[in-house]
Structures are given as C-alpha cells and as structure tokens.
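Good morning, and thank you for the time. I should like to take you through one structure, beginning with a single residue and widening the view from there.

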Amino acid sequence: PVVVEAESGTLGTSLTIATDAGGVTYITTTENSAVNPTPPRTATYEVTFPAAGSYALYVRILVGPVGGNDDSFYVSNGFNTTTSWAAPYNTSTGGATAPGAGVPTGGTAGQNVWKWVRLTALPGAGGGTGPSAWVVPEGGLTRTFAWGSREDGLLFDKFAFGPLGFCYTVGDLDAARAPTI
C-alpha cells in the first residue's frame with residue numbers, strides 16, 4: 001500500500017497536529033460543522049503511486065468518546081478535487097484493531113481505539129464512501145487527495161491506498177507491506 005501520514009499534508013487553519021500519550025501523532029479539527037468542508041477544514045496531500053491502476057482507500061483513526069458526534073468526516077469524490085465531497089462517513093462502530101484482522105468497510109472495533117477502516121466499498125459487500133475506485137492514470141502517478149473535517153473528536157493518523165483487488169490486514173497496513181489476505 002501507499003501509506004500517507006495525516007500530518008504530512010497541507011492543513012487548513014482549523015486543523016491541528018498533536019501527539020497522544022502512546023506517541024501517535026495525529027490531526028484533528030478545532031471546528032465542528034455539518035456543512036461541506038471549507039478550506040480551513042480541508043487537508044490535501046500529494047501522493048505518488050508506484051503504478052497506474054485502481055486503488056482502495058483506508059484510514060487509521062480514533063473516534064472520540066461522544067461516538068456519533070465524534071465519527072464523521074468527508075472525502076473528496078476522487079483525486080484532484082477539493083470542491084466535490086462524498087457524504088460524511090460514520091465510523092463510530094466500524095474498523096479493525098487486531099494485527100491479523102482484515103480491514104472491513106464495517107467492523108466492530110468501536111471507539112476510543114486506534115483502528116483501520118476501509119472507506120472504498122468492498123465488491124459484493126457494499127459499505128464505504130467516496131469513489132468505487134481511486135483511479136491513477138498512466139502518466140499521472142502523482143495525485144492530490146483531500147479530506148474534510150466535520151467533528152472535533154475524530155483523530156486521523158494515516159491514510160493508505162492499496163490496489164483495488166486486494167484486502168489488507170491491520171498488520172499489513174501498519175507495516176506498509178503487501179496484503180496477506
């Protein structure tokens with residue numbers, strides 16, 4: 001997978017960087033808002049892929065103690081846009097934490113834990129948000145990815161893009177290694 005540290009992007013003025021007691025550096029927002037992201041609530045990343053193709057998006061997050069009020073955010077509707085957004089994504093109950101667990105679009109990891117969540121729908125299983133595939137064309141291996149904040153109890157550690165036809169475990173994404181599923 002191509003793994004991107006959340007704090008490595010260009011952050012809007014309402015996004016802040018912090019480090020938790022376990023040493024995880026993350027970003028979050030200082031502004032709660034239920035409308036489409038504005039530039040202060042948007043982060044962008046220049047991501048260079050090893051090859052053209054279709055990719056799935058994963059995110060490593062921690063949902064805060066208020067559950068449904070700490071779990072939503074926006075992703076762009078594809079690369080190279082900061083004005084077209086997929087609906088906010090509810091992540092309070094989903095995700096996976098165990099190293100050998102596959103990373104689903106749903107899941108049972110809950111809140112107050114660092115977890116990986118697959119945002120791109122699983123073929124035949126549904127779920128997800130954003131594009132059905134993040135397409136990287138030949139001759140255009142560097143793409144701009146954006147996400148927008150919505151709630152201040154949601155912490156972002158990493159994003160990862162993996163080839164669409166594969167599934168990753170938590171351990172695969174943590175180690176940035178090839179999928180073992």
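**From one residue to the core**

Let us begin with Ala-6, which lies in the loop between strand 1, residues 2–5, and strand 2. Please keep in mind throughout that this is a predicted model.

Is Ala-6 buried or exposed? Its relative accessibility is 0%, and Ala-6 therefore counts as buried, the limit being under 20%. Which residues surround it? Setting aside neighbours within four places in sequence, Ala-6 is in contact with Leu-11, Ile-27, Tyr-45, Phe-156, Asp-157, Lys-158 and Phe-159. By way of a distance, Ala-6 and Gly-64 are 58 residues apart in sequence, and their C-alpha atoms are 17 Å apart in space.

Two of the names just mentioned, Tyr-45 and Phe-159, lead us to the interior. In soluble globular proteins, nonpolar side chains tend to be buried together. Here, the largest nonpolar core has 29 residues. Those with the most contacts inside this core are Tyr-45, Phe-73, Phe-145, Trp-147, Phe-156, Phe-159 and Phe-161. Several elements give two or more residues to the core, including strand 1, strand 5, strand 7, strand 10 and strand 11, the last spanning 154–163. Which strand gives the most? That is strand 6, with 5 residues.

Phe-159 deserves a further word. Not counting residues up to four places away in sequence, Phe-159 touches Ala-6, our starting point, and also, among others, Val-2, Tyr-45, Leu-57, Trp-116, Phe-145 and Trp-147. Apart from the largest core lies another, of 9 residues, among them Tyr-58, Val-103, Trp-116 and Leu-173.

Let us turn to the sheet. In what order do its strands stand? There are 4 strands in an open sheet, in the order 2-5-10-7, with antiparallel pairing. Strand 2, residues 10–11, and strand 7, residues 73–75, are the edge strands, each pairing on one side only. Strand 5, residues 42–48, pairs with strand 10, residues 142–149, over 7 bridges in the antiparallel sense. Within strand 10, Arg-143 is the residue opposite Val-47.

Finally, consider Ser-72, in the loop between strand 6 and strand 7. Its relative accessible area is 9%, so Ser-72 is buried. The side chain of Ser-72 makes a polar contact with the side chain of Asp-71, at 3.2 Å. Leaving out residues up to four places away in sequence, Ser-72 touches Pro-88, Tyr-89, Asn-90, Arg-150, Glu-151 and Leu-154.

Thank you for your attention.

Key. Residues numbered from 1 in each chain as written. Predicted model: local features only at pLDDT ≥ 70, side-chain atom pairs only at ≥ 80, totals over all residues. Heavy atoms only, no water. Pairing = 2+ DSSP bridges. Buried < 20%, exposed > 50% of the residue type's maximum accessible area, 1.4 Å probe, protein only. Contact = heavy atoms within 4.5 Å. Core = buried A, V, L, I, M, F, W, Y, C linked by side-chain atoms within 4.5 Å. Polar contact = N/O pair within 3.5 Å; in protein donor to acceptor, adjacent residues only side chain to side chain.
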